[in-house]
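Please take a moment to look over the structure shown here before reading on. The paragraphs that follow turn to the contact between chains and then to a sheet.

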There are 2 protein chains.
Amino acid sequence: MADASLPAVPSEAAPLGGATLTPAAGGATAPQGFTSAALHCGIKAKAGALDLTVLAADRAASAAGIFTTNLAKAAPVLVSRRHLEQTGGIARAIVVNSGCANACTGTQGMADAERMVSEAAAALGCDVEQVLVASTGVIGVNLKMDKVVPGIRMATAALARGKGSEMAQALMTTDPFPKEQAVTVDTGSGRFIVGGTAKGSGMIEPHMATMIGVLTTDAEVSPALLRRALHESARDTFNAITVDGECSTNDTLLAIASGASGVAIDEKNYPALLEGMLAVSRALAIDIVRGGEGATKLIAVTVSGARTVSDARQVARTIANSPLVKTAVHGADPNWGRIVAAAGRAGVPFDVDTATVHVGGILLFENGLPHDHAAPQAAEHMKGTDVSIDVNLGTGGNVEATIWTCDLSAEYVRINGEYRT
Amino acid sequence: MADASLPAVPSEAAPLGGATLTPAAGGATAPQGFTSAALHCGIKAKAGALDLTVLAADRAASAAGIFTTNLAKAAPVLVSRRHLEQTGGIARAIVVNSGCANACTGTQGMADAERMVSEAAAALGCDVEQVLVASTGVIGVNLKMDKVVPGIRMATAALARGKGSEMAQALMTTDPFPKEQAVTVDTGSGRFIVGGTAKGSGMIEPHMATMIGVLTTDAEVSPALLRRALHESARDTFNAITVDGECSTNDTLLAIASGASGVAIDEKNYPALLEGMLAVSRALAIDIVRGGEGATKLIAVTVSGARTVSDARQVARTIANSPLVKTAVHGADPNWGRIVAAAGRAGVPFDVDTATVHVGGILLFENGLPHDHAAPQAAEHMKGTDVSIDVNLGTGGNVEATIWTCDLSAEYVRINGEYRT
């Protein structure tokens with residue numbers, strides 16, 4: 001996060017719509033009103049590797065979720081989505097396991113997901129519908145329920161404050177590092193905290209099924225307003241990243257609000273909640289890309305001068321998913337031709353002759369012609385770990401959007417091409 | 001082409017709508033009424049490497065073209081497209097150079113492309129508008145016109161019959177092998193020939209700009225009917241392949257019909273012309289994939305059980321462009337989970353529980369569950385050079401489509417990631 005051009009959690013207090021954001025420690029359990037536990041129950045083969053975690057709110061909390069759009073939805077996705085519909089957005093706990101995605105597992109998989117939430121609900125003394133569940137790991141394999149059930153019983157008995165880091169570790173599959181963030185939000189009506197944890201990073205290993213994110217806050221917020229904040233904050237963060245253009249069977253993003261800070265969120269201070277969730281989400285999302293499979297560089301693709309934000313996003317996404325652009329960045333090659341060609345096939349009308357391309361702030365393409373003399377300087381920028389690509393479409397519009405991606409390396413091929421059976 | 005499951009030019013005469021197709025030698029100059037020449041004019045650095053070719057019809061011929069949909073269109077694309085509009089589909093010659101794409105070259109690039117066609121027209125004594133031009137090679141670099149102009153003069157002076165192979169070689173950039181095909185079509189109204197040549201294979205090297213195809217026939221066919229046959233034959237051949245999902249600045253497919261066979265094409269024997277063009281196009285298109293950057297395997301992705309052909313194509317294309325599927329094939333990993341996940345995110349509605357996945361004809365996924373016992377047998381199939389992936393969407397529809405692609409190897413990353421400047 002050394003590159004100032006990349007948005008992240010502000011390192012110093014910054015004023016935002018009357019609110020002030022300050023980084024905080026503690027990850028998903030930084031906000032008041034939550035406990036958690038994480039343990040090794042035996043899903044992962046490696047002894048001691050954390051593979052099960054429970055996050056519990058002290059009392060019934062507002063909750064919201066965003067789930068994969070893939071038609072092949074894992075059992076835990078179907079269960080969590082249904083529970084949020086049934087409760088209208090109320091939850092007491094979130095159970096997450098890693099090492100097994102419980103996807104493409106048929107009726108047995110559904111029964112296993114149902115069992116996970118019912119075990120947690122029984123232990124916590126709440127309705128089954130108030131427990132949400134997420135799984136990540138191998139697709140097409142059933143959960144070892146003889147390990148998972150005792151694991152849930154032990155975890156719910158061990159719930160404690162200040163265990164956010166263990167939760168972040170228990171989400172990992174082959175993620176190179178755990179991901180957690182928290183931010184304190186000071187508003188005119190008081191102070192609350194937004195925390196979160198996530199895991200990535202592509203469908204990493206053969207059959208690995210991907211992203212899970214959990215956001216927490218001790219703000220007091222209605223389910224409807226929390227849902228709105230989750231969708232608005234995900235749009236330019238979790239939904240603005242791509243490792244390999246793949247959308248998995250298990251992608252799940254949950255938010256849960258304990259209300260324990262006593263700070264009530266209404267329309268007036270909603271921007272403060274949104275800013276807090278944006279800051280945590282952006283940092284977690286960027287960390288997912290940084291930990292992407294085989295990734296050696298973070299690439300921020302910003303498209304400006306567009307007529308609409310969806311135009312800007314579409315062009316940025318096409319560039320960010322271009323294997324030729326991603327391999328060029330991997331090789332620190334300021335290959336503006338590939339960037340122009342990717343933009344040109346994105347399906348958004350613009351005039352190539354009025355577009356410009358900057359890499360690392362250095363102008364490489366303008367008036368339909370290259371600035372090849374600047375290439376060595378751009379190549380220097382690309383040798384770093386944070387690369388920026390800026391394309392101005394020159395349509396006369398002034399809308400912009402950023403998509404974060406990583407480079408495509410031979411290591412990606414090695415990770416995903418190794419013979420599995 | 002050893003795998004019988006992959007369509008190609010039939011190795012034995014096969015009856016098609018009353019016509020019989022037989023493979024023929026001679027590539028693009030196999031049909032009567034054409035001459036060609038190819039030479040090294042000096043665009044490529046390597047001494048003797050063919051980099052310029054002219055194909056001429058003995059007299060004004062019907063012609064048609066399909067061009068890149070990329071907004072960043074190279075100068076030769078703009079010139080050829082305009083000429084076909086101006087003449088209503090009449091051409092005498094096609095000039096093609098390799099080693100320089102004449103793309104992103106501004107007004108100088110347009111002047112250079114205009115000069116190429118005017119030099120050829122002067123030498124052949126025809127209207128400038130009757131000459132088409134295509135370029136392939138490095139983007140953002142101007143043509144060495146002091147080499148190209150004398151080259152065109154020498155080539156037009158050296159036109160001869162039976163030089164199709166040299167033409168195929170002159171199209172190559174870093175293609176691993178030249179691509180040419182021809183087929184004799186016997187119909188009730190007589191015999192004609194369809195020939196062709198093409199080059200690939202992705203935007204291979206830094207800044208290389210891609211596909212060029214030239215189809216020839218000595219059938220007598222109106223420009224309108226030739227245009228229709230070109231579009232219909234390209235749809236399931238040149239437009240049904242993908243190496244890396246990239247669409248270049250220069251993609252050009254041209255067809256030219258000399259009429260020298262005396263066989264007139266009307267609505268009745270149009271299917272015979274279409275079959276001939278399909279056979280040549282399919283074989284050339286598959287050869288482009290086989291020669292794709294870093295490719296070690298040809299993958300035929302067939303999606304059946306769809307409601308519409310566009311649904312089938314969309315799902316097949318999503319699977320064919322999935323980096324996770326392509327790396328799995330590279331590693332001979334029968335990873336049905338990635339195939340299901342890619343199909344599920346293609347944007348086409350279907351029920352995963354009624355879909356099936358076969359690899360090499362071996363059932364791997366059915367009723368929402370894996371057939372893991374069959375994986376070793378599928379892995380054996382995947383160790384070969386020709387891999388088939390068949391997905392039945394189980395929608396009740398009976399439409400299918402095939403997209404051809406290649407595996408994604410570390411060599412692809414090496415080719416495209418090497419530092420250029």
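How many residue pairs are in polar contact between chain A and chain B, both at pLDDT 80 or more? In this predicted model, the count between chain A and chain B is 6 such pairs, while the rule for salt bridges finds 0 of them across the interface of the two chains.

The size of an interface is often given as the accessible area lost when the parts come together. For chain A and chain B the buried area is about 4400 Å², and carbon and sulfur atoms give 62% of it. The elements of chain A that each give two or more residues to the side touching chain B are the helices α8 (323-330), α9 (336-344), α10 (375-382) and α11 (410-417), together with the strand β16 (369-370). Of these, α9(A) supplies the largest share of that side, with 6 residues. Sorted by class, the side of chain A that touches chain B consists of 29 nonpolar, 20 polar and 10 charged residues. In terms of residues taken into the contact, chain A contributes 59 and chain B contributes 59.

We can now turn from the interface to a sheet within chain B. Here 7 strands form an open sheet, and reading across it gives the order β11-β18-β13-β17-β14-β15-β16, with mixed pairing. At the edges stand β11 (241-242) and β16 (369-370) of chain B, each of which has a single partner strand, so that one side of each is left without a neighbour in the sheet.

Is strand β17 (residues 386-392) of chain B largely enclosed or largely open? Of its 7 residues, 5 are buried, and therefore β17(B) is largely enclosed by the rest of the structure. On one hand, β17(B) pairs with strand β13 (residues 298-306) of chain B in the parallel sense, over 7 bridges, and within this pairing Ser388(B) of β17(B) has Ala300(B) standing opposite. On the other hand, β17(B) pairs with strand β14 (residues 356-359) of chain B in the antiparallel sense, over 4 bridges, where Asn392(B) in β17(B) is the bridge partner of Thr356(B).

The strand β13(B) also leads to a further neighbour, since strand β18 (residues 399-406) of chain B is joined to β13(B) by 7 bridges, and these two strands run antiparallel. Ala300(B), which stands opposite Ser388(B) in β17(B), also stands opposite Trp404(B) in β18(B).

Terms used: Residues are numbered from 1 along each chain as its sequence is written. Chains are lettered from A and ligands numbered from 1 in the order in which they are written. This is a predicted model: local features need pLDDT of at least 70, side-chain atom pairs count only at pLDDT 80 or more; totals for chains, interfaces and linings use all residues. Side-chain values use heavy atoms; hydrogens and water are left out. Contact means heavy atoms within 4.5 Å. Buried area is the accessible area (1.4 Å probe) that two parts lose on being put together, summed over both. A salt bridge is a side-chain nitrogen of Lys or Arg within 4 Å of a carboxyl oxygen of Asp or Glu. A polar contact is a pair of N or O atoms within 3.5 Å; within protein, one must be able to donate a hydrogen and the other to accept it, and residues adjacent in sequence count only if both atoms are side-chain atoms. Ala, Val, Leu, Ile, Met, Phe, Trp, Tyr, Cys and Pro count as nonpolar, Asp, Glu, Lys and Arg as charged, and the others, Gly among them, as polar. Buried means under 20% relative accessible area, exposed over 50%, partly exposed in between (1.4 Å probe, protein chains only). Two strands pair if DSSP finds at least two bridges between them.
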